[in-house]
Amino acid sequence: MKIQAVRGMQDLLPESKAIYRYVEDTIRPVLKSYGYSEIGLPVIESTVLFERLVGESTDIVEKEMYTFTDRSGDSITLRPEGTAGCVRSAQQNGLIYNQMQRLWYAGSMFRYERPQKGRFRQFEQIGVECFGMPGPDIDAEILFLTARIWQELGLTSEVTLELNSLGNVSSRGAYKTELIEYLSAREDELDEDSKKRLQTNPLRILDSKDAGTQAILKEAPLLIDHLDDESKRDFDGLRELLERAQVPYVINPLIVRGLDYYNKTVFEWTTASLGAQGTVCGGGRYDTLVEELGGRPTPAVGFAIGLDRVALLVAENSVTDKVGDLDLFIASLGSEARTESMLLAEQLRRNFVGLNIGVHCGDGKLKSQLKRADNSGALIALILGEDEIAAAEVTVKPLRAEDPQRRMSWPALERYLKKVFD
Ligand code: HAM
């Protein structure tokens, strides 16, 4: 029996992995340039952390968590998202007591969802969590930051910022009662999931994908019309900042997010290019979460970018040129030349730190070696055969320029490489 990867888990083959690397390498300096500090967090947390913070009646906690009993009999869970663990860590390590923090993390998250394009059971996020700032200035800052990320990735025209405000807990409570009243009168027309949610989590009905339910929602009361004064003032403040910084957005009053911890500002960056899984980034404020974990009231806001979806977008838009692994490839013919090619490669790696050098190993025709050199993205191939060894020279073959190939001594080669790669 052939052993295959577990369903929903992807192998990232070198070509895809290079795109992920490009995306991460583009995002990291942006986070740094806004003064955010990286934090490393465990992949496993106590199950109760997610039950308490993400919410018992969310899809994530109800049906998507990878939860196990470990050898000591404790219930542990592979993190389905990063916010809960970050709040736990920040509090446990005293990072948020009377302090402002701007943190970011990257890593794998796990959700037992139905796999499809852009949706995996192990997926990658880069997340940001900010503590100690009530907004709306910090809300604007993280939206400027995400807009800058799309800009750097060449994806600005691919994504739309959708904004909503959920208000505070009390205004949401009053709205919930009104929504339940409206929907209960039309319960027969709701889809099965929404019928269940009417009892457990009525706000989640707002982002139902069912056409019948969506039609009913057209006339439903909207949260954004029921905001408390403070939430309304903050939301207006955020909108003004976005407008003055010329970051375009649309208001989507149906955004409620799939996790229970949000209040006030919530947002999603969406794309039309990825089919059903079009949200590439989601986040918002969660001002009561630290307290729910036993800490002091601490305002907080954050977001997470779905790297897998961003990598798909980058690949589909061919934003990157083909990312090659090598700068220089050394081909050899014959066993003596093979030894010399290994030594030459070591010498060049010592003298040209940062240059990516690949060496052919084993036998093989020159033609196929040069084909590999070409596919590797290398600018230059060096060829060592019996003639070259006898003359203490090397043949230099430019792969991307029209220049003819020529023979030169090893010292002349170093001078030549300095000119090409400096
Ligand atoms: P989320 O909306 O659940 O939020 O996930 C954020 C992003 O992760 C999504 O917009 C999507 O791009 C990506 N994502 C989610 N599930 C999958 C999946 N199964 N496969 C591929 N990509 C996926 C959170 O996780 C919050 N912790 C964000 C946050 C941080 N809010 C405040 N701070």
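Student: How do helix α5 and helix α9 pack against each other, and at what angle?

Tutor: Start with the general idea: two packed helices are described by the angle between their axes and the distance between the axes. In this predicted model, helix α5 (residues 137–153) and helix α9 (residues 229–244) pack at about 40 degrees, and their axes are 9 Å apart.

Student: Is α5 then parallel or oblique to α9?

Tutor: Angles under 35 degrees count as roughly parallel, so α5 is oblique to α9. Their crossing is right-handed.

Student: Which residues make the contact?

Tutor: From α5 come Asp137, Asp139, Ala140, Leu143 and Phe144, while α9 brings Leu238, Leu241 and Leu242. Sorted by class, the contact of α5 with α9 has six nonpolar residues, two charged ones and no polar ones.

Student: Let me try another pair. How do the axes of α12 and α15 cross?

Tutor: Good choice! Helix α12 (residues 335–351) and helix α15 (residues 410–421) have axes that come within 12 Å and cross at roughly 45 degrees. These two helices are therefore oblique to each other, and the crossing of α12 and α15 is right-handed.

Student: Which residues of α12 and α15 make that contact?

Tutor: Look for Glu340, Leu344, Gln347, Leu348 and Asn351 on α12, and for Trp410, Leu413, Glu414 and Leu417 on α15. By class, the contact of α12 with α15 has five nonpolar, two polar and two charged residues.

Student: Now the inside. How many residues does the largest nonpolar core have?

Tutor: The general idea first: in soluble globular proteins, nonpolar side chains tend to be buried together. Here the largest nonpolar core has 45 residues, and Phe131 and Leu183 are those with the most contacts inside it.

Student: Which elements give two or more residues to this core?

Tutor: They are the helices α2 (47–53), α3 (59–64), α4 (83–92), α6 (169–184), α8 (211–217) and α10 (289–292), together with the strands β5 (101–110) and β6 (122–131). There is also a second, separate core of 43 residues, which includes Met133, Phe267, Leu307 and Val310.

Student: One last residue, Ser89. Where is Ser89 found?

Tutor: Ser89 is found in helix α4.

Student: And is Ser89 buried or exposed?

Tutor: For this we need a cut-off: buried means under 20% relative accessible area. Ser89 has 7%, so Ser89 is buried. Leaving aside neighbours within four places in sequence, Ser89 is in contact with Ile39 and Leu41.

Definitions and conventions: Residues numbered from 1 in each chain as written. Predicted model: local features only at pLDDT ≥ 70, side-chain atom pairs only at ≥ 80, totals over all residues. Heavy atoms only, no water. Core = buried A, V, L, I, M, F, W, Y, C linked by side-chain atoms within 4.5 Å. Buried < 20%, exposed > 50% of the residue type's maximum accessible area, 1.4 Å probe, protein only. Helix = DSSP H or I, 4+ residues; strand = E, 2+ residues; numbered from the N terminus. Axes fitted to C-alpha atoms, helices over the stretch in contact; angles between N-to-C directions. Parallel < 35°, antiparallel > 145°, perpendicular 65-115°, else oblique. Left-handed = near helix turned anticlockwise from the far one by under 90°. Contact = heavy atoms within 4.5 Å. Nonpolar A, V, L, I, M, F, W, Y, C, P; charged D, E, K, R; others polar.
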